[in-house]
Amino acid sequence: MVALSMADGYARLTSKPQCVIVHVDVGTQGLGAAVHNASCGRAPVLIFAGLSPYTCNGEYRGSRTEYIHWIQDVPDQKQIVSQYCRYSGEFKGGRNVKQIVGRALQFATSAPAGPAYLVGAREVMEEEIEPYELEQAHWGAVGNAALTQEVVQEISEALVGAKEPLLITGYCGRNHDAVAQLVKLADTVKGLRVLDTGGSDMCFPRDHRASLGLRYGVHDRITTADVILVADCDVPWIPTQCKPQRGTRVFHIDSDPLKQQMPVFYIPAEARYKVDACTAFSQLHAYISQTKPLTEKLSTYQSRWDALEKEHSESMSTFRSLATRPSSDDSSYNISYLISRIRALVPSDTIFAIEAVTLTAFVHDQLAPSLPGTWLNCGGGGLGWSTGAALGMKLACGPNRFVCQIVGDGTFLFSVPGSACWIAQKYNLPVLTIVLNNKGWNAPRRSLLLVHPEGEGSKASNEELNIAFEPGPDYAGIAKAASGG
């Protein structure tokens, strides 16, 4: 779990694929929820696991020599993780190992990026071969796709002609250039609002007047927009909680618009396109800026631009008012005040690894991230990602960047903190970890209330629901013990 989460964090921050080596089937199972997170978070990682030797009597070098070789021999080891992977394969001979690795990395790094899993038995690993080389330039990722000119025109005219255009995104910020291109688009289409659904990366600067901040698929502007452009987003809205009004035009651009690993997914889009979001943003901005009828129409939108500034200023003022100082030193303080103090005290280019679960929106409101690559959220549902991921980010960025992990108390316990803190000490990877201690798992209660707000469970205490932490762990003590004091 920790190793793959570290590789995940490193890969997300740098977009460079990382490799994790584990031991046969049990090591693969030990990766746990980290495989899910790397898949949902589109982290390019290569996982290699051995297979139990397939010979018993010394037929080949590497044949079985230990009791455990029989116990760990399973019918199809790849099936443990293959449904989360972009590619899974097996080394069946030593002479094409490099080709198989190259192919796996092509899948891992091509959009939508994600894990690739390879296995090989010991007999194959022991095979003697003649040294050979591959031309690495021939094994790169698939290139980015663009919108056709006709589609660029259609979406551009829809956005400019809309009374209340909205762009919803979730992970386009993995490419830092996409953030700059989206800012250009928002600056050009005055009145366009941008909602970040917190998929995994900071996609739009919070200090921009067009920003609606981060919300998980629920926002009033979704219900009032007349044109919505969904860009690189897994859950733009939750229909049982919030959805566009009838007649809203919806366009969907995404590296994976069909969400091929989700058995159930659909949004009422009149058109969807498998393209690179950064490229599409650039195309839309260029077309709008160079098309006279559109620029003339936009020149009449100054009142919209001013209204966005007023709206943005009022929302930021509201968030600042929530960050009130406790009335006395021994009073408990709210999440908004805590995060506002962290934001004020850490460097402006701090990289935040966020796994605050039900408190994520509050954290985002106070951190108000505005620099690409400074906010990384899990993107998946496998709790325990951020402790290892923060170490991977620190390993990637080096001593000159500050890394801060903000994590819920229950989530911290899922992260195998003993192993992670020992690794931090051994490899000199200093990370500031903030554990948001609400003394239990709050997400199950929230899920219960969304379905049965008046049910029996709504009247039960956290202790009765077995989601309370009493007595509470000594979180700092865990870190101290694991790092040798």
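**Exercise 1.** In this predicted model, classify Arg95 as buried or exposed, and find its salt-bridge partner.

Solution. Arg95 has a relative accessible area of 65%. The cut-off for exposed is over 50%, so Arg95 is exposed. Its salt-bridge partner is Glu127, with the closest N and O atoms 3.9 Å apart. Arg95 sits in the loop between β3 (87-91) and α5 (97-109), and Glu127 in the loop between α6 and α7, so the pair links distant parts of the chain, 32 residues apart. Glu127 is partly exposed, at 33%.

**Exercise 2.** State which parts of the chain the salt bridge between Arg61 and Glu126 ties together.

Solution. The closest N and O atoms of Arg61 and Glu126 are 3.2 Å apart. Arg61 belongs to the loop between β2 and α4 (68-71), and Glu126 to the loop between α6 (122-125) and α7; the pair therefore ties together parts 65 residues apart in sequence. Arg61 is partly exposed at 48% relative accessibility, and Glu126 is partly exposed at 34%.

**Exercise 3.** Describe how helices α7 and α10 cross.

Solution. The axes of α7 (residues 149-161) and α10 (residues 277-290) come within 9 Å and cross at roughly 70°. The helices are therefore roughly perpendicular. The crossing is right-handed. Residues of α7 including Val152, Ile155 and Val160 meet Gln283, Leu284, Tyr287 and Ile288 of α10. The contact residues comprise six nonpolar, four polar and one charged.

**Exercise 4.** Identify the elements against which the buried residues of α3 pack.

Solution. The buried residues of α3 (residues 33-40) are Ala34, Val35, Asn37, Ala38 and Ser39. They pack against α1 (2-14), β2 (45-51), β4 (115-121) and α15 (385-397).

Definitions and conventions:
Residues numbered from 1 in each chain as written. Predicted model: local features only at pLDDT ≥ 70, side-chain atom pairs only at ≥ 80, totals over all residues. Heavy atoms only, no water. Buried < 20%, exposed > 50% of the residue type's maximum accessible area, 1.4 Å probe, protein only. Helix = DSSP H or I, 4+ residues; strand = E, 2+ residues; numbered from the N terminus. Contact = heavy atoms within 4.5 Å. Axes fitted to C-alpha atoms, helices over the stretch in contact; angles between N-to-C directions. Parallel < 35°, antiparallel > 145°, perpendicular 65-115°, else oblique. Left-handed = near helix turned anticlockwise from the far one by under 90°. Nonpolar A, V, L, I, M, F, W, Y, C, P; charged D, E, K, R; others polar. Salt bridge = Lys/Arg side-chain N within 4 Å of Asp/Glu carboxyl O.
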